[in-house]
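Please look over the sequence and the model below before reading on. The briefing that follows moves from one helix to the chain as a whole.

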Amino acid sequence: MSETDPRRRIPRTDELLTDPRLSAAAGGLSRSRVLTAVHAAQSLAREGAIAPEEVLERAVRELPDRAGSQRPVLNATGVVVHTNLGRAPLSDRAVRAVVRASGYTDVEYAVATGRRGPRGEAVLTELRARLPEGQDALVVNNGAAALLLAVTALAAEGQEVVVSRGELVEIGDGFRLPDLMTSTGARLREVGTTNRSTVADYRDAVGPQTGAIIKIHPSNFRVEGFTGGVAVADLAPLGPPVVVDIGSGLLSPDAALPDEPDATSALRAGAALVTASGDKLLGGPQAGLVLGRPELVHQLRRHPLARALRVDKLALAALEATLQDVDVPVTRYRTADPETLRLRAELLAERVGGRVRAHDGVVGGGGAPGVRLPGWAVALPEELAAPLRTGDPAVVGRLDSGDLLLDLRCVPPDHDETVAAAVLAAVQRAGG
Ligand SMILES: *Cc1c(COP(=O)(O)O)cnc(C)c1O
């Protein structure tokens, strides 16, 4: 390094660490995390990417945000349950419940006696009240865990679970439910064909080796044409317990989603157990529900695996609040009034330009694949997509044949102005 090499002016680590501006910004961060930020800034200066004078400021910027690294996103895609964007947004009530539950709580403690109490009993009471008389409930970590636990507990090592070939689905990111079921040691007894299965197919497959009949809602696709499945009511008389994985978590029928199965109907039809997710159509936190016959729910609750799939107290708090809420965001967005959506789109277009056009939203998250939710979007140049995505808050829209579509269905109305401001900022950043 020559005498005049600017790299000689890069501040030393100890100088940076004792600089009051850095310590102020570092707050309660660990020394090793602050060092990582300092080293990153120094190496940028060594590579010549920044000037030596900019190292301190850069190190401050490299410190992690105190609120965590998950960046809030305004979901302008029109997809209500968007798995990549965290599925169901929690209601205000659920958020308050999470904050309240974040310290020490009586989640598993009976204040009256000062002894251990049943964990999350309030949620189970809420769930039982929403089901047909006499049914019990259990909450685990997610929908996949609910199915895993049911198969493990009912089809002990070497036993069979009978399932239709039309229901062997992949739920996303390469995860396939048949693999999940066989990972328990149970054997899969496939019946029928991709498009059709009959009661006779199931009856022929059932025997002393059968632990359970599993019925899975193929939530994210539809087979059309010459198709046929077997109703729960026709499977129940065959003998083995029928476990129905409904996926979405609807607790009772919804007229707007006629093809979407619900827990109450499945149990009335004779299902022994129903499994479902908490963060799809139910609109709550990530959780898995197991609902059904008390003796079977008890068997699952006492299974050793149940402890490994246990739901945390924050999710329990959010789920309880969600079940009590009249109006959760997922339902509000799913049933948003098209005229109001059009008005909001027009106001946005007035502020930022662009063309208002009809745009259907979807339920998403592998739910109700055939259902279109009529609405509106503002079409903007697709060059704005990247600057909007990388802004703070990020605004994520949908790309459609050269347009960026912003659909306000899943944006809280009091954030419309934030979307408008983000678009105007993006126009500037995109250089136009
Ligand atoms: C979504 C889904 C699952 C998985 O639920 P997670 O809560 O994501 O674990 C399982 N089965 C069906 C039918 C689903 O739709």
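Which residue follows α18, and what is the sign of its phi? The residue after α18 is G431, and its phi is positive, near 85 degrees. This is a predicted model, in which local features need pLDDT of at least 70 and side-chain atom pairs count only at pLDDT 80 or more, while totals for chains, interfaces and linings use all residues. Residues are numbered from 1 along each chain as its sequence is written, and side-chain values use heavy atoms, with hydrogens and water left out.

**Helix α18**
- The 14 residues of α18 (residues 416-429) should span 20 Å at 1.5 Å a residue (the expected span is 1.5 Å times one less than the number of residues), and the end C-alpha atoms are 20 Å apart, which agrees.
- Buried residues (under 20% relative accessible area, with a 1.4 Å probe and protein chains only) in α18 are D416, V419, A420, A422, V423 and A426.
- These residues cover an arc of only 160 degrees around the axis (taken from the directions from the helix axis to the C-beta atoms), which puts them on the same side of α18.
- On the other side of α18, Q428 and R429 are exposed, where exposed means over 50% relative accessible area.
- The buried residues of α18 pack against several elements, including β1 (73-75), α16 (338-352) and β14 (376-381).

**The whole chain**
- The secondary structure comes to 18 helices and 17 strands, which are DSSP runs of H or I with at least four residues and of E with at least two, numbered from the N terminus.
- Of the 432 residues of the chain, 45% count as buried.
- Along its principal axes, the C-alpha trace spans about 85 × 55 × 45 Å.

How values were computed
Contact means heavy atoms within 4.5 Å.
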